[in-house]
Amino acid sequence: MNLKLKEKIRESLSAVLPITGIVLMISIFLIPMELGSIVMFLTGAMMLIVGMGFFQLGAEMSMTPIGEGVGVQISKLKKLITVLLTGFIMGVIITISEPDLQILANQVPSVPNMVLIITVALGVGLFLALALVRIRYKISLSVLLIICYTALILRSFFVPKEFLAVAFDSGGVTTGPMTVPFIMAVGVGLASVRSDKNSADDSFGLVALSSIGPILAVLILGCFYKPTQAAYVLEDVETVVTTQDVARVFAQGLPLYAREVLVALLPIIVVFFIFQMLTGRYHKRQIQRILIGFLYTYIGLVLFLCGANVGFAPVGAYLGKKLAGLSFNWILLPIGALIGYYIVKAEPAIQVLNHQAETVTDGAISVKMMDRCMSIGVAASVALAMLRVLTGVSIHWFVIPGYFIALILSRIVPDIFIGIGFDSGGVASGPMTSTFLLPLSIGVCEALGGNLMTDAFGVVALVALTPLIAIQLMGLVYKRKTAKRTQTERAVIADDCDMIIDLEEGE
Amino acid sequence: MEKEKKVSFQLLVLIATPKLADQAAEMFRKGALPLQYRFHAEGTATSEIMDLLGLGNIDKSVLISMIPKNLSEILINKLNSELQLNRANSGIAFTVPLNGANNLILRILARNTGKELLNIAGKEENGMSETKYTLVAAIVNRGFSEEVMEVVRAEGVKGGTVIRSRRIGNKEATSFWGLSVQDEKEIVLILVESSNKVNLMKCIGEKCGMHSEAQGIVMSLPIDSVAGI
């Protein structure tokens, strides 16, 4: 069998199967579910697996080469203003098309959708431009992040608390499966043209800064609009009886996502053609490959989003409701952690980040290490989110200390971990979070009669926060290890070590 | 020092799937080979269609290690038998002669290299190839490695390895010699039978040389021993 195909199948299986197994176990031991809904769920899981495989392959063939090419060309731009403009326009275009942003807009009914979408897109554009300037002028990422997040936190005290959770969620939401592979590849492209010692570190950090834009945008909008209750309607588990019903429900969903993903993909394809016309960077075969890659990405995302929204979301909400209704509903904490640990593996963009980290560091940061860190981080965040829904504590109590720790860590860990860490936040909170974790916590919240806007939302924000800490902690461990090693190495080096011996002379 | 000079040294190169490279690295570590470097590369597609479908290039790891010459045959054989390099798509290993080195490298190699490996020698089946091989390296603009592969595939070559790299030449190279302005390059490494070398290099030069879009330059390196082909 084709090795590449085998590798991709194995990757997608190991991403989706664990979370599927856990939900099955919960349905057997804790919350009995109708066979119909389980069949829906399993069908969704199948679509996730196939979709994931196609998406990974497609992103590798299209998003990565285009992003890298754009990055390389940007680094060749002489004038600052063209760099700024390119970054800004690119940020706006790819954000407007991000499917998750539409969902977010619906979640904030008090702000007209168009206003919200445009503001968020402008936010991403501005911050992407800022991120490019940062690399150009070698401004420390850590310093910039500290300034930005301090501004954010200060700003957050002046908005109605109903906006707070949604605002922090928006940061994670907007950097979805479409933007992440592209922006990350731009970073690698930018760095690949340089050979100074910062180049590897600078391949990361673009996503990190880009996810600040939306938060700020929503916080600012919060001043102008009066908050109203979210109009988020939970979809009930469709009552399906026959296999025909299952097929019908998915068939109804499919065209919807087919359109949505097309809208999301089109701007990037347009960007690609404009870019190709301007630079002529790719030759015929590469263009063919990239187009096939786009096709894969399209098929993959349609299947993935359809499977997640139709198959997973209702089950998430149902589980949330029922678990909250249990007399021992504290069990949500460990179950949340367990779900969090495995659900992050099924985020489509996560593999892209992990592979990027491994390639850029030549294996020093391995996919395995990244995987474990992300899982631990998200496990903690889902448990915290459940705690928040159960108790109704303000998100401020989690976000402020969380970012405080993350920013302090950013002063002491090696630079590359700052970039990867802060990028990982935006990457971890992708479509799986918004289609499974969010309905889960909304379900819990509804069952307990809490305030949706303040209690249920915010789960995405937490998922986007904890990986920053987890990955930087890994950086800290890494730093200590290498520090020890260089100490012992230094001891043995003799004086004449650098003498060159010509072996040909000796013969 | 005198004694050390007389020992000759080689560079052992292993190009294999990351998993096999892990195994090899572990084997080297056990065998007390102190100097190992590892980097990332891509195996080329088996056919044009596979490349277009994106099912071509698989991740490969390159492991290089400096070793004394007396170990090279043993190591190549051992790699061949333990990693089963003769299976398709697993990997290749070869050695290149070294003719100069930093004092420290020599000292490390002379002292403690591969004693344990020597003990296990002898019984292994001979996995080394009898034919003479040469390593052909073509450096082309990024994205053109598949063009090179297309040319050499027609000449019967099964596969190659692509290393992404960046040219850091000076201005003179671009303006005077006409080397391309594009700095991002791909190095395509192909192991070929020595008898086929010149023909192959000519073919690459014709199709992917400086006059083509690929703007490739070609060179070849001597190879001492090889396994996995």
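Strand β4 of chain B and strand β10 of chain B, residues 226-227, pair antiparallel over 2 bridges. I start there, at one end of a sheet, and work across to chain A. This is a predicted model.

Within that pairing, B:Ala93 has B:Ala227 in β10(B) as its bridge partner. On to another pairing of β4(B), the one with strand β1 of chain B. Strand β1 covers residues 9-16 and β4 covers residues 91-98, both in chain B, and 8 bridges join them in the antiparallel sense. One position in that ladder is B:Val13, which stands opposite B:Phe94 in β4(B).

Now the whole sheet. Which order do the strands take? Reading across chain B, it is β9-β6-β8-β7-β2-β3-β1-β4-β10. That is 9 strands in an open sheet, and the pairing is antiparallel. At the edges stand β9(B), residues 217-222, and β10(B). Each of these has a single partner strand, so one side of each has no neighbour in the sheet. As a general remark on side chains, they alternate between the two faces of the sheet in a regular strand.

Some totals for chain B. The chain holds 9 helices and 10 strands. Of its 229 residues, 38% count as buried. If we take the contacts in chain B with a separation of 6 or more, 81% of them are between residues 24 or more positions apart.

Next, the interface. On the chain A side 34 residues are in contact, and on the chain B side 29. Which elements of chain A give two or more residues to this side? They are α1 (3-29), α2 (35-76), α13 (284-325), β1 (500-502) and α22 (503-506). The largest share comes from α13(A), with 7 residues. By type, the chain A side divides into 14 nonpolar, 10 polar and 10 charged residues.

There is also strand pairing between the chains. Strand β1 of chain A and strand β5 of chain B, residues 100-102, run antiparallel and are joined by 3 bridges. In that pairing A:Asp502 stands opposite B:Gly100.

The rest of the talk stays in chain A, with two helix pairs.

The first pair is α8(A), residues 179-192, and α15(A), residues 348-360. Their axes come within 10 Å and cross at roughly 15°. At that angle α8(A) is roughly parallel to α15(A). The crossing is right-handed. From α8(A), the contact uses A:Val180, A:Pro181, A:Met184 and A:Val188. From α15(A), the residues are A:Ala349, A:Val352, A:Leu353, A:Gln356 and A:Val360. What is the make-up of this contact? It has 8 nonpolar residues, 1 polar and no charged.

The second pair is α6(A), residues 141-156, and α11(A), residues 212-224. Here the axes come within 10 Å and cross at roughly 25°. The cut-off for roughly parallel is under 35 degrees, and α6(A) and α11(A) therefore count as roughly parallel to each other. Their crossing is left-handed. On α6(A) the contact residues are A:Cys148, A:Leu152, A:Arg155 and A:Ser156. Facing them from α11(A) are A:Ile212, A:Ile215, A:Leu216 and A:Leu219. This contact divides into 6 nonpolar, 1 polar and 1 charged residue.

Let me stay with α11(A). Why call this helix largely enclosed by the rest of the structure? Because 10 of the 13 residues of α11(A) are buried. Among them are A:Ile212, A:Gly213, A:Pro214, A:Ile215 and A:Leu216. Further along, the buried set also includes A:Ala217, A:Val218, A:Leu219, A:Leu221 and A:Gly222. What do these buried residues pack against? The answer is α5 (113-137), α6, α7 (161-174) and α10 (206-210) of chain A.

To finish, a single residue in that helix, A:Leu216. Is A:Leu216 buried or exposed? The threshold for buried is 20 or more other C-beta atoms within 10 Å. A:Leu216 has 22, so it is buried. Leaving aside neighbours within four places in sequence, A:Leu216 is in contact with A:Gly123, A:Leu152 and A:Arg155. Of these, A:Leu152 and A:Arg155 appeared a moment ago on the α6(A) side of the helix contact. As for A:Gly123, this residue is 93 residues from A:Leu216 in sequence, while the C-alpha to C-alpha distance is 7.2 Å.

That is the end of the talk.

How values were computed:
Residues are numbered from 1 along each chain as its sequence is written. Chains are lettered from A and ligands numbered from 1 in the order in which they are written. This is a predicted model: local features need pLDDT of at least 70, side-chain atom pairs count only at pLDDT 80 or more; totals for chains, interfaces and linings use all residues. Two strands pair if DSSP finds at least two bridges between them. Helices (H or I, at least four residues) and strands (E, at least two) are DSSP runs, numbered from the N terminus. Axes are lines fitted to C-alpha atoms, for helices over the stretch in contact, and angles run from 0 to 180 degrees between N-to-C directions. Angles under 35 degrees count as roughly parallel, over 145 as roughly antiparallel, 65 to 115 as roughly perpendicular and the rest as oblique. A crossing is left-handed if the near helix is turned anticlockwise from the far one by less than a right angle, and right-handed if clockwise. Two residues are in contact if their C-beta atoms, placed from the backbone, lie within 7 Å. Ala, Val, Leu, Ile, Met, Phe, Trp, Tyr, Cys and Pro count as nonpolar, Asp, Glu, Lys and Arg as charged, and the others, Gly among them, as polar. A residue is buried if 20 or more other C-beta atoms lie within 10 Å of its own, exposed if 12 or fewer, and partly exposed in between; C-beta atoms are placed from the backbone.
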